[in-house]
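Please examine the sequence and the three-dimensional structure shown here before reading on. The paragraphs below are meant to be followed with the structure open.

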Amino acid sequence: MKKNYKGIPKLLVFILVLMSTSLAIAQTQISGKVTTKQGDPIPGVNVIVKGTTKGTTTDANGQYKMEVSQPELVLVFSFIGYTNTEVQTGGRTLVDVIMEDDVRSLEEVIVVGYGSVKKSDLTGSVSSVKSDAFRDMPITSVEQGLQARAAGVQVTQSSSAPGGGLSVRVRGANSLISGSEPLYVIDGLPIYPDNGSYGTGGDRQAGNALASLNPNDIESIEVLKDASATSIYGSRGANGVVLVTTKRGKEGKMLVNFENSYSSQTIANNIDVLNGSDFARYLNKLDKSQGGAPRYTDAQVTAFGAGTNWMKAISRTGQIWNNQLTLSGGNNVSRYSISGNYHDNQGVIIGTDFKRYSLRLNLDNTLFNGKATLSNSWTFSRTNSKNVPTDRGGPGGIIITALGLDPTVPIYNNLGDYNYPLYDGRFTINPVAEANEGVDKDATNRFFGTSALTVSIFKDLKFRTSLGLDIVNATRNTFYNSKTRLGRQYGRELQRFDRNLVNVLNENILTYTKSLAGGHKIEAMVGYTIQNETNSSAFQSGRKLDSDDFNSVGFQNATEPQIGSSARIDWTLESLLGRINYNYNDKYLLTITARRDGSSKFGTNNKWATFPSAAFAWRVINEGFFESSGLTNIFSDFKFRASYGITGNSQIPAYQSTADLSPRNYVFGGVLVSGYAATRLPNPDLKWEQTAMFNTGFDMSFLNNRLNLTVDYFSNKTTDLLLYVSIPQSTGFGSLLKNTGSLSNKGFEIAMDAKIKTTGTLLWDVNANVSVLRNKIDDLGSSTPFFAGSPSGHLGVNGSWVEAGNAIGAWRGYNYLGVDKTNGNPIYEDKNKDGSYTADDYTAIGDPNPKFTWGLNSTLKYKGFDLAIFFRGVQGNKVRNLQFSEIGDGAQKINQVSNILTDSWTPENTNALLPAVDAKRDFASYRRSSAFIEDGSFIRLQNISLGYKIPTPDFIRSARIYVSAQNLFRITNYKGFDPEVNNQGQSNLNRGDDYDAYPRARTITVGLNVGF
C-alpha cells in the first residue's frame, strides 16, 4: 500500500514557525562573550540556566544574549573539547567567560565486564565507540555502527536487504564449525546473535537478530578484545565481547528530544547484462555450437531491441523513515529516560520492507537515603518484514533470475497476465510475479532487559543482584499463489513457522573497593550467575489450495497437507566468577580474572571448565626517570600493557554430546507404524573449544592529550576444535563430533585520534585505525581435510577447503590459466602432468580474509556548521563471484554479462579474455576454477554529513538540520554489485561467496533534531 506522507511538510513548517517565534515577556537580559584562553571566540557554545531547560548558544563571534526572569542565577557553559563551566551571575547582566580545554581524556570511564574503570587504569585491550560517531547514519542495528570504527573488528554486511544479516569478527574467527560472533551484553544482558536461532527459516538468508535494538538509544559501545577484558565472560569470551550501554536520564528538568530523518535509496552499482537483441545473437551462437541452425533471423534479432530489463523491473527507489521521541530527566531520587522509535525501510527491490516499532524505558531510583539503587533497562520492540528469496544458493533466487532471465520476453502477455520465460531449461519463472504475488512476512515481538538492585553494605562493599529477561515471539507466514513458481508447481502452498524463545538470567555480584596507605588501591569482585534458555519452534505446510487470496486460505483448505515439524532446545549455563584489580601509585596496574562455567551443552565428563587471565600495565609516564629525562615534554601519557589468558567458545547446538533418536516410519504386516532410529552416537568427553590469548600494547598521548595513539599485537591459539571425525562403518554411523585440531590468529592494531584544532572558530578532529590479521588452521588432529558444504548445489561448486596450513575459508580448485587460442576452451594448470583435468589438479585459488582493514573519520566544526567524512577500506581479500559463474560462463542458455559477445574467443579473436561461447563446453570445471576469484579490495566513502545548528528562541533548547550520504562512492576492481557480501551469512567456512546477492544501496539522508 502506498504511504501518505503529505502531513510531514506541514509538521516541518509548523516546527520552523515555532522556531521563528519568540516569547514577548518582560525579562532581564544577560549577555556576554565566550572565548578561549588565547582570546579566540568560541561559536556554538551551549549556555543554559542551571536547573532549567532555558538557554541559548553563542554566535559566530562567541557572543550570546538571552532573557531571564531574574538577574541572580547560575549559567552553565558547555561545548565539546572544553570543560563545562558554571558561573554565578551575582546580579550582573554582562557575563564574559573563558573556557578551558578539556584534556581529561584519561579520566574517561570505560565500561568493562561487570564494572567500569578509568581509561588510565585499563589493563586490557578495549575499543570504545560513542553514539555521536553514527548519529547521522540511518543504520538498522548496532553492528553497523561498529564498521571500521574499532581496530580489530571486521563487520561484514552479508545481506544488504532491509533488516539483513551482518557478521562480526573480533580479531578473526576462532572456530571452524562453532559460532564466531562476539557476545553482546546490552545493559548487562548477554545475548549471542545467532541469526538462525532467532530467525524463522525459509529460502533466504536469516535476518539480523540484533535489529530489534534501536541504535538511537545507544550511548556507547565498548569492544573487549583480549583475555584480560573477555575472560570474565569465560566460555563465551573467545570471540570478543561487545558491551552496549543505552542512554539514561540525568538530574534536571525534563528534556524532550525529537529526531526525524528521511532517506532515499538507489542501487549503488548495477550489473550490465545482454539486452534483447544481443541475447538473441548469443543464443544463435549457442545453437550453432551444437550444430543447429540459428533460432532467430536477423530481422527478429533487430526487432527485439533493448527487450526487458528484468533487474530494472524488480528495482525501485527505496526509502527509510526514522522518527524518535525521547523524554529524560529526574532528580536525586529518580532519573528516567523514555524513548519511542519508528523505523521504516522500503528496500530497493520490490517486495522487501523492514519496519521496527520500539519503546525503551531506563529508570534509576535511589533508595534508603542513597544506600541502594534500583536500575531498570527494558525494551519492547516489534519488527515486521516483507521478503523475497535472496542471498542464497539454488534456483529461484529473485536476483540471479532477474539477471539471467531471457530479455526477449516481455513481463506481461497481450492479456495482461504474467509471462513465464524458461530459465536455462530448468524451470519457468517471472521475478516480477515472485516479488508482487508471493507472500513472505515475518513478525517478531521481543521484550528484553534487566532490573538490578545495588546495595551499599558499608562504605567499601557493594552487592548487586539482577534479573535479565529476553522473550522472543516470531512468526513467518509464506504463501505461494498460482502466479509464483512454487505455487504453480504445487497447486499453491501455504507455510507457517513459529518460534518462541525465553532466556532468563540471574546475576549476583559482590564488589569491594579500598584505598590503602602507601598508594595501594584494590578492587575485588566475586559473583555467581545462572542463565537458562528455552527455544521452541514449529513448522507446518499445506498444498493444493483453492484460492490465490492469502487472507482467505488456511491449512484446513489444503488437500495435500505436508508433514510438519517441531523442535525444543534447552540449555543452562551456571558460573562462578572473580576479578582483582590492583593499583600501586598509578604506576603499576594488575588485573587477575577467573571464571568457572558449567554448561549443559557439553559431555558428562566435561561439564565444567575454568577460564583464567592475568594482565599487567605500567604507566611509565608516572615514573620519576620519565620526568627527569624530559620525556614529559613529549608525552602526555605512556602506558605499556601485557595480558595472557584462556577463554572458551560454547556456541555449539545443544545435545551434541548425547545420543539422538529421530522419528521414522516403518511398515509391519502391511501397516505403517511410527518408530525411532538412532542418528547420533554419544560423546561424553565433548568439551569447550579453548582460546589462549596473548596481547601486548602501548597507549601513548602527546601534545597535552590532543594526539592519542594505541598500538596492539595479539596472538590467539584455539585448541580442542570441534570437528566431525570419521569412525568405522561397523558402528552404524559415519562420523562423530570430537575435540581435535587447532588454529591461530595473529595481528597488529593501530588506533589514533587527534584533536588537530581545538580553539577558535574552527575545530578539527581526526580518528583512524588499521588492523592486520593472519589466520591459519594449524592442525586438524584426527580429522582429515574436507570441503565445507556447497554454497550452491546446483552450480556444482564446493565450499572452502579445510586443511592444515590453510587460512579459514580458503578455496581450492583449478588454477585458470586463460583461453586456448586454438579452440577457445579454458586452460587450467595440469598439476600432475597426466594430460587431463581431475581433482588431483586442484590447488589453492583464493583467500577471502583481508590482509588489512582500515577506517578514517574526520570531523570539522565551524561556527554553527559541522562536517564529518568517514572512509573505510578492506584490502587483499578475494571474493568468489558465483553470480558471474552462472551469467558469465558462455555455455548456458541464460542471459550473460554484457561483454560476453565482444570479449569471448572466436576464430577471429584468438586473444580474447573469455572462452568461446559454446554450449558443449564443460562449464562445471570452469566454475570450480580461479576464473571467478576476484580481488575484493575496496575503498568506500561510508558516510559524509553536513549539519547546521539553527539559532532558536528560548523555549527551544537546540535544533540541528543535516544532510548525509552513505556509500556515496567506492573504489574497487570487483565486477559484482559489491565486494562486501557473503552468501552464507555468519558461516566461518564459507565466506566471501557472492551469489544471488541483494544489491547494496546508495543512501541520501536529510534529518532534523530538535530539543525542548
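The account that follows moves from the overall chain to its charged pairs and then to individual residues.

The model is a predicted one. Its chain contains 13 helices and 55 strands. A compact globule of 1012 residues would have a radius of gyration near 31 Å, and the chain agrees with that expectation because its own value is 31 Å. Along the principal axes, the C-alpha trace extends over about 100 × 70 × 65 Å.

Burial and contacts add to this overall picture. Of the 1012 residues, 54% count as buried. Among contacts with a separation of 6 or more, 70% are made by residues 24 or more positions apart. The chain exposes about 41600 Å², of which carbon and sulfur atoms supply 56%.

The charged side chains may be considered next. There are 101 positive and 92 negative side chains in the chain, and the centres of these two sets lie 3 Å apart. Side chains of opposite charge can pair when their charged atoms come close. The structure holds 44 salt bridges, and three of the pairs are described here in turn.

Glutamate 86 and lysine 50 form a salt bridge through their side chains, with an N to O distance of 3.2 Å. Glutamate 86 belongs to strand 6 (residues 85-88), while lysine 50 sits in the loop between strand 2 (46-49) and strand 3 (55-57); the pair therefore ties together parts that are 36 residues apart in sequence. With a relative accessible area of 49%, glutamate 86 is partly exposed, since the exposed class begins over 50%.

Arginine 248 and aspartate 364 meet in a salt bridge at 2.9 Å, N to O. This pair links distant parts of the chain, 116 residues apart: arginine 248 lies in the loop between strand 16 (241-246) and strand 17 (252-267), and aspartate 364 lies in strand 20 (residues 353-367). How accessible are the two partners, arginine 248 and aspartate 364? Arginine 248 counts as partly exposed at 27% relative accessibility, whereas aspartate 364 counts as buried at 9%.

In the third pair, the side chains of glutamate 934 and lysine 975 meet at 4.0 Å, N to O. Glutamate 934 is in strand 50 (residues 933-935) and lysine 975 is in the loop between strand 53 (970-972) and strand 54 (993-994), so that distant parts of the chain, 41 residues apart, are linked. Glutamate 934 is buried, its relative accessible area being 7%, but lysine 975 counts as exposed at 52%.

Salt bridges also join into a network. Arg872, Arg940, Arg970, Asp978, Glu980 and Arg1000 are linked in this way.

Individual positions show how loops and strands meet other parts of the chain. Asparagine 61 is placed in the loop between strand 3 and strand 4 (63-68) and counts as partly exposed at 47% relative accessibility. Apart from neighbours within four places in sequence, asparagine 61 contacts Lys33 and Pro41. Its C-alpha atom is separated by 25 Å from that of glycine 90, which is 29 residues away along the chain.

Threonine 390 occupies the loop between strand 21 (372-386) and helix 8 (398-404). This threonine is buried, with a relative accessible area of 4%. Beyond its neighbours within four places in sequence, threonine 390 is in contact with several residues, including Asp203, Arg204, Gln205, Asp996 and Tyr998.

Serine 167 is found in strand 12 (residues 167-170) and is buried, with a relative accessible area of 1%. Which residues does serine 167 contact, leaving aside its neighbours within four places in sequence? They are Gln154, Val155, Thr156, Ser158, Glu181, Gly985, Gln986 and Arg991. The C-alpha atoms of serine 167 and phenylalanine 787 are 22 Å apart, with their positions 620 residues apart along the chain.

Finally, two residues deserve attention for their backbone angles. Most residues other than glycine have a negative phi. Arginine 171, however, has a positive phi near 55°; this residue lies in the loop between strand 12 and strand 13 (183-186) and counts as buried at 3% relative accessibility. Aspartate 586 also has a positive phi, near 55°. Aspartate 586 is placed in the loop between strand 29 (565-584) and strand 30 (588-599) and counts as partly exposed at 26% relative accessibility.

Methods: Residues are numbered from 1 along each chain as its sequence is written. This is a predicted model: local features need pLDDT of at least 70, side-chain atom pairs count only at pLDDT 80 or more; totals for chains, interfaces and linings use all residues. Side-chain values use heavy atoms; hydrogens and water are left out. Helices (H or I, at least four residues) and strands (E, at least two) are DSSP runs, numbered from the N terminus. The radius of gyration is taken over C-alpha atoms; the globule rule is 2.2 Å times the number of residues to the power 0.38. Buried means under 20% relative accessible area, exposed over 50%, partly exposed in between (1.4 Å probe, protein chains only). Contact means heavy atoms within 4.5 Å. Accessible areas come from the Shrake-Rupley method with a 1.4 Å probe; for residues, only the protein chains shown count as cover. Lys and Arg count as positive and Asp and Glu as negative; His and the chain ends are not counted. The place of a charge is taken as NZ of Lys, CZ of Arg, CG of Asp or CD of Glu.
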